[in-house]
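Reader: I'd like to go through this one label by label. Can you show me the structure, and then let me ask where each term comes from?

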Amino acid sequence: MADITAPAYRIIPIVPKLIPGAMAGKGPFVASDKINEAIGFPGQLVEDWHDKAIAKMGELLSKYRSLKVYMDACVHCGACSDKCHYFIGTQDPKNMPVARQDLMRSVYRRYFTLPGKLFPWLVGARDLTREVLDEWYNYFNQCSECRRCSVFCPYGIDTAEVTMAAREILDSVGYGQKYSNEIIGKVHRIGNNLGLPAPALLDTLTGLEEDVKEATGIDVLFPIDVKGAEVLLITPSADFFAEPHIDSLIGYAKVFHATGTSWTLSSMSSEAGNFGMFIGNYDQLRAIAMRIRQAALELGVKRIVIGECGHAWRVAYSFLNTLTGIGDGADANDRFAQMLQKQLDHRYKQPSHICEFTWDMIQDERLSFDKSKNDKHIITFHDSCNVARGSRMGDYAGGQFEIPRNIIKACANNFVEMDPRTTRVDG
Amino acid sequence: MASVVFGVVFYLATLLFVVGVLYRINTYARTPAPLKIPTTPAPITKGGVVLRITREVVFFESLFKANLWTWAAGWLFHAGLALVTLRHLRYFTDPVWGWIAFIQPFGIYAGIAMLLGLCGLWARRLFVERIRYISTPSDHLMLVLLIGIAASGLLMKFAAHTDVIAVKGFFIGLMHLSILTLPADLLLIVHLSLVVTLLVVFPFSKLLHAPGVFFSPTRNQTDNPREKRHLSAWAAKLESEK
C-alpha cells in the first residue's frame with residue numbers, strides 16, 4: 001500500500017489526480033471461523049465460492065429493486081466521481097463511487113447480461129476470479145455507506161446499496177469481515193456492540209449518577225430495565241463507555257430529569273447501532289432490530305427514543321417500522337405490527353430522535369437554559385451523514401437540518417454556521 | 001431489394017426495442033423494494049415525488065448539483081434529442097399534426113445542439129482523467145453511434161438532401177404493412193442503419209437509464225417510513241414464520 005498523506009487544504013477545491021492502486025491491499029482483518037459461524041455464515045471461504053457468489057448475486061438482484069436498477073442504469077457520466085471522501089483522501093480511482101460500483105457491475109454484466117456474455121471486453125465485463133473477489137473485499141470495505149454519491153447521481157444510484165450487496169455476497173461465501181461480524185455476534189450474545197454485560201452497565205450507570213450528583217448536586221437517575229416507564233431510550237453503546245460519547249448520555253438523562261419524564265434503558269437491548277445494515281444482511285438487520293421491539297413490549301413503554309448516531313438513526317427512522325413495527329400506520333390485519341403499535345403513544349413520532357424529544361420540550365417551555373454559561377464555547381454543527389441524507393427529524397421535509405441547530409441556539413449564544421458548501425446544501 | 005431488407009430490419013428492430021424495454025420495465029416493477037431508502041431532499045407526499053422525478057427527468061436536477069459541465073453537455077444533448085425526435089414525427093403522420101409542423105424550424109437548431117452536447121460529453125470522456133478511467137469501449141462507441149446519427153441527419157439537411165417525400169412514403173408504408181422503395185442515398189442508409197443499431201442496443205445497454213430513473217428507490221419513494229408501515233412480500237414472510 002502506498003503512503004497516504006492528507007490532501008493539503010485547498011481554498012478552491014480541485015479534484016486530485018488519480019493514483020491507481022493507492023489503496024490496493026488485503027483490506028481489513030478477515031473474520032475467523034468462530035466469528036462467522038456464530039452468526040450463521042460459513043467459517044471460511046467455501047470451496048465452491050464462485051458458484052455460490054453468483055447464485056447469491058442473482059438472489060439479491062431478484063430481492064432488491066435498488067440493486068437491479070443500479071446495476072443497469074449507470075451511464076458512467078462521472079457525476080459521482082469526485083464526491084467520495086475515500087477517493088478525495090486516497091486518490092485511488094477505485095474509490096470513486098462509480099468505479100466501486102463497477103467492481104460489481106463488471107461481474108453482473110458478465111453473468112447476467114447478454115452483451116457481457118458475448119462481448120465482455122466491449123462492456124467492461126469480467127469473470128469472477130479470486131483476484132476480483134479479493135478486490136471486492138478490499139474496496140467494498142472502504143465505503144462507509146454515507147450515501148453522498150447518491151445525492152448527486154442523476155439516477156439516484158446509491159453505492160451504499162451496492163456495498164451492502166457485495167458484503168452480503170462475501171459473507172455468504174465465508175469471506176466476512178472481522179470488525180462487523182464480531183460486533184454482530186456480541187449484540188446477539190450480550191446485547192450491545194461493545195459487549196458490555198448487564199452488571200457492567202449497572203455499575204457504569206451508578207457511577208454516572210454519582211458523577212452528576214457531584215457536579216451539580218442534583219439526583220439525576222439513570223434507570224435501567226424499569227417496567228412501565230414512559231420512554232425507552234435506545235442509544236449507541238459507546239455512550240456507556242467512552243468520552244466524549246458518555247457526555248451525550250449524561251445530557252439525555254438531564255433532559256429527562258428536568259422535564260420530569262419517566263424513562264428507562266434496557267440491558268437486553270442496549271444498542272442503537274445496527275451492523276446488520278453495514279453488512280447488508282436483512283436477517284441480521286432484522287434480528288438486531290427485534291431486540292428493541294422485544295424490550296419495548298416487555299417493558300411496556302409508550303415511546304421509543306433513539307440517542308444520536310447517524311447510521312443508527314437511519315436504521316431507526318427508515319427501517320424500524322418495516323423491520324419491527326415500531327412506528328405507525330400498519331394495516332389493520334397486520335397483527336405483528338399492531339401488537340406493538342397499539343401500545344405506543346401516537347401523539348409522538350415512533351421512534352423519536354433524542355433531538356426531536358428535546359426540541360419538543362424546549363418549545364413546550366419545559367426546559368430552560370442559562371445560555372451565558374456556554375459563552376466560553378464557539379459552536380458549529382456538522383450534519384451527520386445518514387441523518388442529513390438518509391432520514392429526517394420532525395414532521396416536515398428538512399427538519400433534520402433545523403432541529404439540532406435550534407437546540408444549540410436555544411442553549412448557547414455563539415453558534416456559527418459552517419461554509420454553506422458543506423453537508424447541508426451540497427449534499 | 002435494399003428497401004425490403006431495410007423494411008424487415010426495421011420491423012425486427014422495433015419489435016426487439018419494444019419487447020426488450022417492456023421486459024426490463026416489467027422486471028424493475030416486479031422486483032420488490034424491501035426498505036425505504038429515499039435520499040435528501042426526500043418529499044413526504046406522493047405529489048412531491050412526482051415533482052421530484054419530473055425535475056430529475058426534465059432538468060437533471062441532481063446532475064446540475066454535481067457538475068455543471070456534464071450537466072450542460074448532457075442536458076443540451078437530451079433536450080436536443082427530444083426535440084429532434086418529435087420533429088421526426090413528420091415522417092410518421094399524414095397529415096402532419098399542427099404542433100409538429102410548428103416545431104420543425106426549432107428541431108433543426110435542436111439537432112445542432114444535440115451534436116454539440118455529444119461532442120462535449122465525448123471530450124469529457126477523452127480528456128478528463130477520472131472520466132477516462134471509468135469509460136469502457138462501449139461508452140465511447142455509444143457516443144460515436146449517437147454522433148453518427150446526428151451528423152448524418154444534419155448533413156442530409158445542410159449538404160446532400162435526400163428525397164424526404166419518398167422517405168416518408170417508406171415509413172408510412174411500413175406502418176401500413178407494405179414495403180415501398182427507399183431512396184438509395186448513402187447518407188440516408190448510414191443514418192437509418194445507425195438508428196436501427198440504437199434500437200437494438202437500447203434494451204441491453206446503459207441506455208436503460210431512461211426507464212431506470214423512474215424505478216430508482218432513492219428517488220421515487222415517499223419519505224414516510226414512520227407514518228406508514230412499508231413491507232415487501234418476502235419480508236412479510238419472515239414474520240409469519242415466527
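**Labels and the values behind them**

Author: Let's start with a loop: A:Pro351 sits between helix H17 (335–341) and strand S4 (352–353) of chain A. Keep in mind that this is a predicted model.

Reader: What makes the peptide bond from A:Gln350 to A:Pro351 cis or trans?

Author: Look at omega: the value there is near -10°, and the bond is cis. Chain B has a cis bond too, joining B:Thr40 and B:Pro41, with omega about 0°. B:Pro41 is in the loop between helix H1 (2–30) and helix H2 (46–59) of chain B.

Reader: How do you know whether A:His76 is buried or exposed?

Author: Count C-beta atoms. A:His76 has 22 others within 10 Å, and the cut-off for buried is 20 or more, so A:His76 is buried. The residue lies in the loop between helix H3 (65–73) and helix H4 (85–90) of chain A. Its phi is near 60°, which is positive even though the residue is not glycine.

Reader: And what makes B:Leu177 count as buried or exposed?

Author: B:Leu177 has 8 C-beta neighbours inside 10 Å. Exposed means 12 or fewer, so B:Leu177 counts as exposed. This residue also has a positive phi of about 60° without being a glycine, and its place is the loop between helix H8 (164–175) and helix H9 (186–201) of chain B.

Reader: Why is chain A in agreement or at odds with a compact globule?

Author: For 427 residues, the globule rule gives a radius of gyration near 22 Å; chain A comes out at 23 Å, so the two agree. Along the principal axes, the C-alpha trace spans about 70 × 50 × 40 Å. As for burial, 49% of the residues of chain A count as buried. Taking contacts in chain A between residues at least 6 apart in sequence, 73% link residues at least 24 apart.

Reader: How do you know which strands S1 of chain A pairs with?

Author: Pairing takes at least two bridges. Strand S1 (residues 231–234) has two bridges to strand S2 (residues 263–264), and these strands run parallel. Between S1 and strand S3 (residues 303–306) there are four bridges, again in parallel. So both strands pass the test and pair with S1. As for individual residues, A:Leu232 has A:Thr264 as its bridge partner in S2, while A:Leu233 stands opposite A:Val305 in S3. S1, helix H13 (residues 245–258) and S2 of chain A also form a β-α-β unit, and that unit is right-handed.

Reader: What makes you say that both faces of S1 are covered?

Author: Check the residues on each side. A:Val231 and A:Leu233 are buried on one face, and A:Leu232 and A:Ile234 are buried on the other.

Reader: Why is helix H18 of chain A called mostly covered?

Author: H18 (residues 354–363) has 10 residues, and seven of them are buried. Among them are A:Cys355, A:Phe357, A:Trp359 and A:Ile362. The buried residues of H18 pack against H13, S3, S4 and helix H20 (399–411) of chain A. Just past the end of H18, A:Glu365 has a positive phi of about 60°.

Conventions. Residues numbered from 1 in each chain as written. Chains lettered and ligands numbered in written order. Predicted model: local features only at pLDDT ≥ 70, side-chain atom pairs only at ≥ 80, totals over all residues. Right-handed = clockwise from strand over helix to strand, strands pointing away. Rg over C-alpha atoms; globule rule 2.2 N^0.38 Å. Contact = placed C-beta atoms within 7 Å.
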